[in-house]
Amino acid sequence: MTTDRHTPGEPARRPHILLILTDDHAAHAVGAYGSRITTTPHIDGIAERGVRLDRCFVTNSLCTPSRASILTGTYSHVNGVRTLSTPIDPSQPTFVSLLQEAGYRTGLVGKWHLGEGPAHQPQGFDHWEILVDQGEYVDPTIVSPEGTRTEPGYATDVLTDLALGWLDSLDGDEPWCLLLRHKAPHRPWVPAPRHTDLFTDPVPLPETFEDDHTGRSQAVRDVWMSVAEHLTAEDLKVDPPTDLAGAELTRWKYQRWMEDYLRCVQAVDESVGRVVDTLTARGELDDTVLAYSSDQGFFLGDHGWFDKRLMFEESIRMPLVLSWPRGLPGGGVHDGIVSNVDLAPTILEACGVPAHPRMQGRSFWRDLVGGDAPPPADGLYYRYWEHADGNHHAPAHYGYRTERHKLVYYYNDPLGLPGTTGGPGEPEWELYDLRADPAELRNVADDPGYADVREELEARMWRAQAELGDEPHPSQPVPRLLR
């Protein structure tokens with residue numbers, strides 16, 4: 001989409017890498033993506049200096065599996081991290097371990113969430129300081145090779161201090177790679193004290209807030225993600241007014257929850273500003289590939305829900321903005337389909353380091369800087385494994401998204417995986433025409449007018465599973481076009 005600005009004859013510089021990753025930050029709560037509910041000037045500044053990726057998707061919308069896919073460039077069934085209760089084997093190759101082998105200094109600060117204890121601690125990092133499990137918003141506990149300690153302060157600020165402190169400790173000319181991984185804005189959405197008066201004006205309701213889920217699969221209608229019913233006292237932090245009921249009470253819960261969610265985002269945006277200021281002061285901003293993303297999307301009252309897991313757009317769409325002033329002009333937009341599995345090979349190509357053969361992602365680096373890029377992705381293969389989890393009761397399913405359509409198969413089977421509950425249920429299908437129905441309100445899986453589309457998508461999804469080494473659920477018949 002642009003050309004490399006490297007000066008001919010000048011020795012190529014290996015860029016520094018700084019990846020800021022948040023947890024549950026929806027793209028529609030980022031100003032650069034046209035948010036109706038907040039502004040994020042520092043995050044937006046990355047896009048203004050570089051590129052905004054409009055169709056970046058997670059392949060398993062859950063914190064632990066997504067983080068494993070980002071690191072390893074592989075899908076959940078390959079890296080082994082399918083659910084929140086399946087920790088990572090940290091000895092498998094990651095883009096960080098490959099950069100370290102190539103001479104990069106490597107650091108990790110913040111949320112790891114890939115398993116506890118020595119068997120699952122980070123590998124491939126020269127320096128790491130991580131939260132315990134989900135971590136605390138206030139006075140977080142920090143684990144490092146030196147032991148465990150409590151760091152006083154608000155977690156977003158603390159993690160930023162630690163990350164920038166590691167940068168300041170570096171000497172020499174070696175390139176570096178730093179992962180700054182915030183807890184925010186994950187549940188239970190505790191804001192910094194300085195932000196407790198923000199966003200008290202009414203937050204606009206999403207257009208699908210009152211979706212009654214007519215026509216959707218029974219498994220989807222049964223999830224425990226309702227703003228009306230499933231936000232807890234810990235989430236809301238104050239008792240609802242006693243004179244409210246019904247729709248008015250639901251809208252009050254939405255407002256109360258969103259105030260704190262957006263306040264947490266505010267601190268994250270300030271952190272990004274501090275990172276940019278530090279890189280500028282160090283004279284390294286131009287030579288740094290600076291990326292901001294979240295480990296998945298999030299429902300912000302869309303369809304009446306909070307949380308993620310399901311294959312609806314708000315849940316699977318990740319914000320991703322990226323800048324590299326030395327080689328990438330600002331203001332770009334990339335609208336091809338990319339995924340979290342693509343991040344590892346893309347970062348490696350940016351640094352001139354070959355991807356590991358087991359990595360399954362497609363590098364989109366040459367889409368950005370120019371050159372003979374690999375063929376664009378035909379579609380996105382998605383699989384959520386944690387059937388009927390104890391918190392949200394979301395169904396196990398897989399699906400395939402193209403530029404226009406989305407097919408979802410709810411196979412509704414825990415498969416005996418950790419973190420799942422219950423037994424197998426009846427399979428169900430959903431199909432959406434994203435051009436005619438971008439809000440995904442009308443399931444056309446059984447509409448005769450879409451029979452040919454469904455057959456084609458079933459075949460494409462089956463082929464994608466074969467290419468990636470995943471196995472269809474036994475309940476799914478071989479697509480008619482492939483018999």
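Colleague: What lines the second largest cavity?

Modeller: Thr-59, Asn-60, Tyr-75, Ser-76, His-77, Tyr-381, Tyr-382, Arg-383, Trp-385 and Asp-470. This is a predicted model, where local features need pLDDT of at least 70 and side-chain atom pairs pLDDT 80 or more, while totals for chains, interfaces and linings use all residues. Residues are numbered from 1 along each chain as its sequence is written, and side-chain values use heavy atoms, leaving out hydrogens and water.

Colleague: Why is something called a cavity, and what makes a residue part of its lining?

Modeller: On a 1 Å grid over the protein atoms alone, a cavity is a set of points where a 1.4 Å probe fits but cannot get out, and lining residues have an atom within 4 Å of a point. By this rule, there are three cavities of 30 Å³ or more.

Colleague: Which element gives the largest share of that second lining?

Modeller: β15, with three residues. Strands (E, at least two residues) and helices (H or I, at least four) are DSSP runs, numbered from the N terminus.

Colleague: How many residues of the second lining are nonpolar, polar and charged?

Modeller: Four nonpolar, four polar and two charged. Asp, Glu, Lys and Arg count as charged, Ala, Val, Leu, Ile, Met, Phe, Trp, Tyr, Cys and Pro as nonpolar, and the others, Gly among them, as polar, so Arg-383 and Asp-470 are the charged pair here.

Colleague: And what about the largest cavity's lining?

Modeller: That lining has ten nonpolar residues, one polar and no charged. Thr-346 sits in it, alongside others including Phe-364 and Trp-365.

How values were computed: 1 Å grid on protein atoms, 1.4 Å probe; cavity = no way out; pocket = protein on both sides within 12 Å on 5 of 7 lines; lining within 4 Å. Points joined across faces, edges and corners; volume = space filled by probe spheres on them.
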